[in-house]
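Please work through the exercises below with the sequence and the coordinates open beside you. Each one sets a task and is followed by a solution in steps.

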Amino acid sequence: MTVLDLVVRRTTEIADGIRELALAAADGRPLPPHPAGSHVVLECGPARNSYSLTNDGAAPSEYTIAVLRRSGGSVYLHERVPGDTVKASRPRSAFAPVRTARKHLLIAGGIGITPMVAHVRDARRWAQNVELIYVHRLDAGAFAAELTTALGPHLHRVTTREDFLGVLKGALTDQPLGTHLYVCGPGSLTDRVLTDAADAGWVPQRLHLERFVPAELDPGREFVARLARTGRDVVVPPGTSLLEALLAAGVAVPNLCRQGICGECRTPVLAGTPHHRDEYLDDTERTAGTALMACVSRSETDTLELEL
Ligand code: FES
């Protein structure tokens, strides 16, 4: 993977338990540009976490991220101070605005607001029609002041489940044709939004999902990974990822997030049926079944033949 050496420029507490970090290239050079909704994977001590970029991606002199303090890598980042260095991947885009959309309906839960901040800034830059439903705890609405100014009546801030479901129902049934929906937040929220949207007649091509917490994955069942180039069989037991099994067998597979988000471990499939559990591939790629993310995905067939 390409690694960016970044240095912390500023840290700011922007809401209860949420710290914004501004990161610049350690050598002072411009950073790689990226579309709105992109993320980077940061090395946070021994952990690797994925964070959405909230900065303008056109010609960034710094990347900004907002980190909710939980445990592990997020605590590490909360403890960084200006001058500290951090390693990051190049930005990855899996949640970019659809340029042909007539309107963008954004739905964010909690810290899932971060990619939406970039989407709102992008929509305003390109004078696009945008509406945001933002669910957050009382007094924990990061970016609330900026979003209120930017969106006015097109921002719906809700702090209870009942209010959210009411606003959601109205939003799903009252949109111009050609609206695209983007949702980011905890699994319970994203699942509800996607289910209600499907029930309201939204087609999958107009629904876009970004999870900030990897889905809980079951251990799965044993299968065999057949390596086409050598004819070797590698057994993947329950609870061990395909990536882990391959690495343990001495097979080099690039990887980064190990959460099915970054796309680094994409592996071509020659035979068998993958059981996709990532957040990276789109529906067309999933249906084709010709590649899978080895860090989280498994096999529906007893054997999966890989181009390795
Ligand atoms: S390592 Fe990031 S998707 Fe697998």
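The exercises go from the overall architecture to single residues, and throughout it should be kept in mind that the model is predicted.

**Exercise 1. Overall architecture**

Task: Describe the domain layout of the protein, and decide how its radius of gyration compares with what the globule rule gives.

Solution.
Step 1. The domain assignment divides the protein into domain 1 (3–93), domain 2 (103–211) and domain 3 (223–306), and the C-alpha centres of domain 2 and domain 3 are 33 Å apart.
Step 2. The secondary structure of the protein amounts to seven helices and 19 strands. The radius of gyration is 20 Å, close to the 19 Å given by the globule rule for 308 residues, so the protein is as compact as a globular protein of that length.
Step 3. Taken along the principal axes, the box filled by the C-alpha atoms is roughly 60 × 50 × 30 Å.
Step 4. Of the 308 residues, 41% count as buried, and among contacts between residues at least 6 apart in sequence, 65% join residues that are at least 24 apart.

**Exercise 2. The parallel sheet and the core**

Task: Establish the strand order of the open sheet that contains β8, and then find which residues touch the most other members of the largest nonpolar core.

Solution.
Step 1. The sheet is an open one of five strands, ordered β10-β9-β8-β11-β12, and its pairing is parallel. Since β10 (155–158) and β12 (207–211) stand at the edges with a single partner strand each, one side of each is left without a neighbour in the sheet. On average, and with direction ignored, neighbouring strands of this sheet are turned by 10° against each other.
Step 2. Within the sheet, strand β8 (residues 103–109) is joined to strand β9 (residues 130–135) by six bridges, the two running parallel, and Ala-108 stands opposite Tyr-134 in β9.
Step 3. Helix α3 (residues 144–151) lies across β9 and β10 and runs at about 145° to β10.
Step 4. The largest nonpolar core has 74 residues, of which Ala-108 and Leu-132 touch the most other members, while helix α2 (residues 113–125) gives the most to this core, with six residues.
Step 5. Not counting residues up to four places away in sequence, Leu-132 touches Leu-106, Ala-108, Met-116, Val-120, Leu-147, Leu-151, His-154 and Leu-155.

**Exercise 3. The surroundings of Arg-226**

Task: Place Arg-226 in its strand, classify Arg-226 as buried, partly exposed or exposed, and describe how that strand pairs with β14.

Solution.
Step 1. Arg-226 belongs to strand β13 (residues 223–227). Because Arg-226 has 18 C-beta neighbours inside 10 Å, it counts as partly exposed.
Step 2. When neighbours within four places in sequence are left aside, the contacts of Arg-226 are Asp-233, Thr-303, Leu-304, Glu-305 and Leu-306. The C-alpha atoms of Arg-226 and Leu-308 are separated by 8.5 Å, although these residues are 82 apart along the chain.
Step 3. Strand β13 pairs with strand β14 (residues 232–236) in the antiparallel sense over five bridges; in β14, Val-234 is the bridge partner of Ala-225, and Val-235 stands opposite Val-224.
Step 4. The two strands form a hairpin with four residues between them, and Gly-231 in the turn has a positive phi of about 80°.
Step 5. The open sheet around this hairpin has five strands in the order β14-β13-β19-β15-β17, with mixed pairing. Its edge strands, β14 and β17 (291–293), each pair on one side only, and its neighbouring strands are turned by 40° against each other on average, direction ignored.

**Exercise 4. Positive phi outside glycine**

Task: For Ala-127 and Phe-143, decide whether each counts as buried or exposed.

Solution.
Step 1. Ala-127 has a phi near 55°, a positive value in a residue other than glycine, and its place is in the loop between α2 and β9. With 7 C-beta neighbours inside 10 Å, Ala-127 counts as exposed.
Step 2. Phe-143 also has a positive phi, near 70°, and is found in the loop between β9 and α3. With 22 C-beta neighbours inside 10 Å, Phe-143 counts as buried.

Key. Residues numbered from 1 in each chain as written. Predicted model: local features only at pLDDT ≥ 70, side-chain atom pairs only at ≥ 80, totals over all residues. Domains from an automatic or database assignment. Rg over C-alpha atoms; globule rule 2.2 N^0.38 Å. Buried ≥ 20, exposed ≤ 12 C-beta atoms within 10 Å, placed from the backbone. Contact = placed C-beta atoms within 7 Å. Pairing = 2+ DSSP bridges. Axes fitted to C-alpha atoms, helices over the stretch in contact; angles between N-to-C directions. Core = buried A, V, L, I, M, F, W, Y, C linked by C-beta atoms within 7 Å.
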